Amino acid sequence: MKDWKNVWILAEVNHGKLSPTAYELLNAGRKLADDLGEKLCAVLLGSGVEKFAAELFEYGADSVYVCDDAHLANYVDDVYAKTLAAMIAQYKPNKFLLPATNMGRSLSAKTAVFAGTGLTADATEVLINKEDGQLHATRPTFGGNLMATITCKKTRPEMCSLRPMSYEKAARVPGRKGEIVKFSFDAQKYTSLAKFIEFIKNEGEGLDLSEAEVIVAGGRGLGKPEGFALLKKLAERLGGAVAASRAPVDNGWIDYRYQIGLTGRTVKPKVYIACGISGQIQHMAGMSGADVIVAINKDPQAPIMKVANYAVEGDLYDVIPAMLEALH
């Protein structure tokens, strides 16, 4: 175990852009590295990605491992996972954090298999046990009703995919420098039976939830799927995005990608308007980081009414049209 050193984070690059999750992982990884007395290192995979190393240094990386090759221009999970596993075998990182994004969930699982180690998936918190130096990764389980802390005692690296927006961005230090370590891609060794054919962009309506400063979310209290049309009008008027609690998703009223909560996405908008949402702990865990929470609910005793900055007691089908009229 003593041969395995340093904390790695995967700096995900999608279609030529560095994912914001990289800054969050650098923040989470920095505390782990400091507690262990080890270096914080970022990993870049792709084509034309070395240019992001300077930015990663400024956000806290001590070293950046780069595998930059034209064969990695398009994401194929087997190819990326075999490459990462080879880097792990050569450089022996102690801990490895990856983002629990669509790409990161697939990549982290396959990489763990190829590297012969364990993985805690979709964690919301990570810390170092100072007694033995092990990674303690906490994640929701049993549908979000319990939080489980998972360890990986016998293999390295200890891997974890961390849910986006679980941590704030790392602080930037302009001009900060670090070491670049280049890793050569082997096209004969890192192969896959799958081939990249075409990228088809999801033309979903509205802003991405991770980018929206205003989110209008609906819950069971909507009573019908058509209620989201009203929420959409309010979101558009405020320049925001529509979201949902778990109940409307389970009922098939709206797609899963809009779900907020322990079993959905975590968001931190400036304003979160909860319409017909009771505010169970599973949902609150996904949006409690909002700067301002506005709750619209018929039940004044609903849990969300007690934590909201502004609680409006009333029928959302009366309140929202009044809001739209006022915003006209």
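User: Let's start at the end of a helix. Which residue follows α5, and what is the sign of its phi?

Analyst: Happy to! α5 is followed by Gly-239, and the phi of that glycine is positive, near 70°. Helix and strand labels here are DSSP runs (H or I of at least four residues for helices, E of at least two for strands), numbered from the N terminus. Before we go on, this is a predicted model, where local features need pLDDT of at least 70, side-chain atom pairs count only at pLDDT 80 or more, and totals for chains, interfaces and linings use all residues. Residues are numbered from 1 along each chain as its sequence is written, and side-chain values use heavy atoms, with hydrogens and water left out.

User: Do other residues come up when I look for positive phi? Which of them are not glycine?

Analyst: Two to look at are Asn-6, with phi near 80°, and Met-165, with phi of about 70°. Asn-6 sits in the segment before β1 (7-10), while Met-165 belongs to the loop between β11 and β12 (179-182). For burial, go by relative accessible area with a 1.4 Å probe and protein chains only: under 20% is buried, over 50% is exposed, and anything in between is partly exposed. Asn-6 is buried at 17%, and Met-165 is buried at 16%.

User: Back to α5, then. How far does the helix reach from its first C-alpha to its last?

Analyst: The general idea is to compare the reach with an expected span, which is 1.5 Å times one less than the number of residues. α5 covers residues 227-238, which is 12 residues, and reaches 17 Å, close to the expected 16 Å.

User: How should I read the sides of a helix, and which residues of α5 are buried?

Analyst: An α-helix has 3.6 residues a turn, so residues three or four places apart point the same way. In α5 the buried residues are Gly-227, Phe-228, Leu-230, Leu-231, Leu-234 and Ala-235. They cover an arc of only 155° around the axis, so they lie on the same side of α5. That arc is taken from the directions that run from the helix axis to the C-beta atoms. On the face turned away from this buried side are the exposed residues Lys-233 and Glu-236.

User: What do the buried residues of α5 pack against?

Analyst: Their partners are β13 (214-218), β14 (241-244), α6 (246-250), β15 (271-275) and α9 (316-327). Contact, as a term, means heavy atoms within 4.5 Å.

User: Let's take β13 from that list. How many of its residues are buried, and which way do they point?

Analyst: In β13, 5 of 5 residues are buried. Val-214, Val-216 and Gly-218 point one way, and Ile-215 and Ala-217 point the other way.

User: And which strands does β13 pair with?

Analyst: Two strands pair if DSSP finds at least two bridges between them. β13 runs parallel to β15, with 5 bridges, and Ile-215 stands opposite Tyr-272 of β15. β13 also pairs with β14 in the parallel sense, over 4 bridges; here Val-216 stands opposite Val-242.

User: What handedness does the unit of β13, α5 and β14 have?

Analyst: Picture the strands pointing away from you: the crossover is right-handed if the path from the first strand over the helix to the second runs clockwise. β13, α5 and β14 make a right-handed β-α-β unit.

User: Now cysteines. How many disulfides are there?

Analyst: The rule asks for a pair of cysteine sulfur atoms within 2.5 Å, and the count comes to 0. The sulfur of Cys-41 is 16 Å from the closest cysteine sulfur, that of Cys-67, which is too far for a bond. Cys-67, likewise, is in no disulfide. Cys-41 is buried at 1% relative accessibility, and Cys-67 is buried at 0%.

User: One backbone feature to finish: where is there a cis peptide bond?

Analyst: Look between Arg-156 and Pro-157, where omega is about 0°. Pro-157 lies in the loop between β10 (146-150) and β11 (158-162).
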